[in-house]
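Me: I would like to go through this structure slowly and ask, for each label used, what it rests on. Could you answer me step by step?

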Protein chains: 2
Amino acid sequence: MKSHPITIKDIARVLGISPSTVSRALKDHPDISPKTKQLVQTFAEKVNYRPNALALSLRSSKTNTIGIVIPEIVHHFFSTVISGIEDVAYGKGFNAIICQTNENYQREVIDLQALIDNRVDGILVSMSKNTHDFAHFQNVQENGVPMVFFDRICEAISTDRVIADDFEGARIATKHLISKGCKKIMHLSAPQHLLIGKNRKEGFCSAMKEHQLECKEQFIVKCDTRESVFAKEDEILNLAGSIDGIFAVNDSTAIAVMQVLQRNGYNVPKDIAVVGFGDGPIADIAYPPLSTVEQKGYIIGQAAMNLLIGHIEETAIDGEFETKIFTPELVERTSSQLGKTI
Amino acid sequence: MKSHPITIKDIARVLGISPSTVSRALKDHPDISPKTKQLVQTFAEKVNYRPNALALSLRSSKTNTIGIVIPEIVHHFFSTVISGIEDVAYGKGFNAIICQTNENYQREVIDLQALIDNRVDGILVSMSKNTHDFAHFQNVQENGVPMVFFDRICEAISTDRVIADDFEGARIATKHLISKGCKKIMHLSAPQHLLIGKNRKEGFCSAMKEHQLECKEQFIVKCDTRESVFAKEDEILNLAGSIDGIFAVNDSTAIAVMQVLQRNGYNVPKDIAVVGFGDGPIADIAYPPLSTVEQKGYIIGQAAMNLLIGHIEETAIDGEFETKIFTPELVERTSSQLGKTI
DNA sequence: CTTGTTATTGCAAACGTTTTCGGAAAATTG
DNA sequence: CAATTTTCCGAAAACGTTTGCAATAACAAG
């Protein structure tokens, strides 16, 4: 069984014809007589011949494989994106090599080089948080490998991009709170050197100002994980008495803050309404169910892959790049119904 | 820039020597004079030469790539496993091609064939729910490709396997409830044609009987998703008055049932204690935080990859197969503290 | 100045395909 | 029957490597 797979040469030898004839017979080349075709094809069928993809790739310099580089697979948003990528890739006959950087710059560099070495037809990247040098991205381009960024894009590199509109998403979330009657809204924000942190905060402020509400620095707390909520519990509780709404930069932060509030006698959403960002599966499970804006990971993945295919198949114009922006949609649940007892 | 990558031949031509010399110089072969080595190496460095992995693989029939076939990436357990696989693969210089079957048998067949065609060095599989024919797995073995199953194993095929001990996990969960004082425990179970459904139910019954408690069929409700809990809400509520504990086959079912109970005036864990299975991130977020048994996805992934490497590098004995079983551990939180008010 | 060693290098085959080009046999035409 | 066209097939190169073997050069010993 460990015997080597059947090759075209094997078939040729057994049938007493040349490899070229076998090759042609297998792909219905008109030069080959019906008789020989029949002979070759049935024999190939019988021995379960399968072409060696490596040899094909080497000859055609086309691997039908794309590379995906992401910070973390174990993250609902990213795995959703991968799912979208995979599904359109599959439809077009592409395989996907997935590389996980774990937010490690060095690994990002190595992974990209490995993909180039393996001659992938294109690469989809979501940048690590710790990447501040972009030579490795340039290297991809210099090697002529099509690349598109999604979500965590690199502004210094000109490529196709697919992103969620964080600014607008935050505006939508904030305006939703305002429409529910909130006037004094707190924002739990991500670090400002990250694009999502910056954009979501600015979206928040924009919505507030549009409604002549104050966007006080004091009501903006740097806090973007479950743990950091608990760490800043005192600070948050100090402010809790003077607010009626919270917009959190992501769902797990939103849920954590609801739990802190509840443990300290506040009622969500009666006293304080809460909205998150991201719409992972946890929003539905939270108590009360969390209103949030939905980040469309699946279609972001699809869109990114489609853009990439455009460049691989050269239907897209070389050197012209597109940016696709997906605006999140509000998913209204219970947590934002200010005044309502649950 | 789109110019083809530098090859050994290019270097040879420019330097006026033969490709073989270049090849040897690059890998410090003793036959090559220091002078030539120096010349070649610095030149290769300068032009940023990178060997073509395809050509290498073709020649050596070793791709340093493994294939992963899983039902769904967007699932905390599976993405955790992948993460474990990836990390040890990376350490050993392997790339991973990931194929998602979406629980589709046809796609599983195609994916496996594609991996064989691409001459991956080994394959890790978690079977789709809808796979009842196993010829494609046999095909992998007949092609001499090492394969190990994880989690959703195929009993009909003899290979290495890595699984979580569902039976024992369920016993642990159930015994925990009993130790908290529960005597009338309901089990929300998965379909019995699935191994996890069967094993977890049997583990549940085993623990009950060990403590001289009844394992009534009537207290076993077929219900293994959030949606199915809501669909069977009436049936569950009918029984709710006569039970003091629930062991659910997975976390989201456990959380859903807590919500149903709470909405109907029951107090968890005061009136009814609840334990789940799986320990995804949602357990922590539930209200009250869910006690559950932890399925160690990350180390399952690591173990599977290590077994595979054993066969790839032939340190493992051919034809002898190992089954690694990981026993889940109890993670005790609030939901199981019978009698306690929160 | 042979002969034998040793140090370097190149040739060619191989991995499994595809494809250009040309050639032999067969079929057609006049 | 000769000339021409068609039909069918094979040789060989190419994709980018590695490697066994042969070849050359240099150099020392006799």
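Me: Which helices of chain A and chain B each supply at least two residues of the surface near DNA strand C?

Reply: Please keep in mind that this is a predicted model. In chain A they are α1 (8–15), α2 and α4, and in chain B they are α2 and α4.

Me: What makes a residue count as near DNA strand C, and which residues are the closest?

Reply: A residue is near the strand if one of its heavy atoms lies within 4 Å of it. On that basis 25 residues surround DNA strand C, and the closest are A:Ile8, A:Ser23, A:Lys27, A:Arg59 and B:Thr21. Of the atoms of DNA strand C that come within 4 Å of the protein, sugar and phosphate account for 60%. The surrounding residues divide into 8 nonpolar, 9 polar and 8 charged.

Me: How do you know that the side chain of A:Ser23 makes a polar contact with DNA strand C?

Reply: A polar contact needs a pair of N or O atoms within 3.5 Å. An N or O atom in the side chain of A:Ser23 is 2.5 Å from a phosphate oxygen of DNA strand C, so the pair meets the cut-off. A base can take part as well, since an N or O atom in the side chain of B:Ser20 is 3.0 Å from a base nitrogen of DNA strand C.

Me: What is found around DNA strand D?

Reply: There are 25 residues around DNA strand D, and those that come nearest are A:Thr21, A:Arg24, A:Thr36, B:Ser23 and B:Lys27. For A:Thr21, a polar side-chain atom lies 2.3 Å from a phosphate oxygen of DNA strand D. The side chain of B:Arg24 has an N or O atom 3.1 Å from a base oxygen of the strand, while B:Asn52 uses a polar backbone atom, which is 3.2 Å from a phosphate oxygen. Of the atoms of DNA strand D within 4 Å of the protein, 62% belong to sugar or phosphate and the rest to bases.

Me: Why is the pair of A:Asp117 and B:Arg50 called a salt bridge?

Reply: The rule asks for a side-chain nitrogen of Lys or Arg within 4 Å of a carboxyl oxygen of Asp or Glu. The N to O distance between the side chains of A:Asp117 and B:Arg50 is 2.3 Å, and therefore the pair is a salt bridge. Side chains of opposite charge can pair when their charged atoms come close. The count between chain A and chain B is 8 salt bridges, and there are also 16 residue pairs in polar contact across the interface.

Me: Which element gives the most to the side of chain A that touches chain B, and how many residues are in contact?

Reply: Helix α5 of chain A gives the most, with 8 residues. In total, 52 residues of chain A are in contact with 52 residues of chain B. The area buried between the two chains is about 5,000 Å², and carbon and sulfur atoms give 54% of that area.

Me: Why is A:Asp10 called buried, and what is the label for its partner A:Arg13?

Reply: Buried means under 20% relative accessible area, and exposed means over 50%. A:Asp10 has 12% relative accessibility, so A:Asp10 counts as buried. A:Arg13 has a relative accessible area of 58%, which means that A:Arg13 is exposed. The side chains of A:Asp10 and A:Arg13 nevertheless meet in a salt bridge (2.7 Å, N to O), and both residues lie in helix α1 of chain A, 3 residues apart, about one turn of the helix.

Me: What makes the salt bridge of B:Glu210 and B:Arg171 a link between distant parts of the chain?

Reply: B:Glu210 lies in helix α9 of chain B and B:Arg171 in helix α8 (residues 166–179), and the two are 39 residues apart. Their side chains meet at 2.6 Å, N to O. B:Glu210 is partly exposed, because its relative accessible area of 40% falls between the two cut-offs, whereas B:Arg171, at 13%, is buried.

Note on methods
Residues numbered from 1 in each chain as written. Chains lettered and ligands numbered in written order. Predicted model: local features only at pLDDT ≥ 70, side-chain atom pairs only at ≥ 80, totals over all residues. Heavy atoms only, no water. Polar contact = N/O pair within 3.5 Å; in protein donor to acceptor, adjacent residues only side chain to side chain. Contact = heavy atoms within 4.5 Å. Buried area = accessible area lost by both parts, 1.4 Å probe. Helix = DSSP H or I, 4+ residues; strand = E, 2+ residues; numbered from the N terminus. Nonpolar A, V, L, I, M, F, W, Y, C, P; charged D, E, K, R; others polar. Buried < 20%, exposed > 50% of the residue type's maximum accessible area, 1.4 Å probe, protein only.
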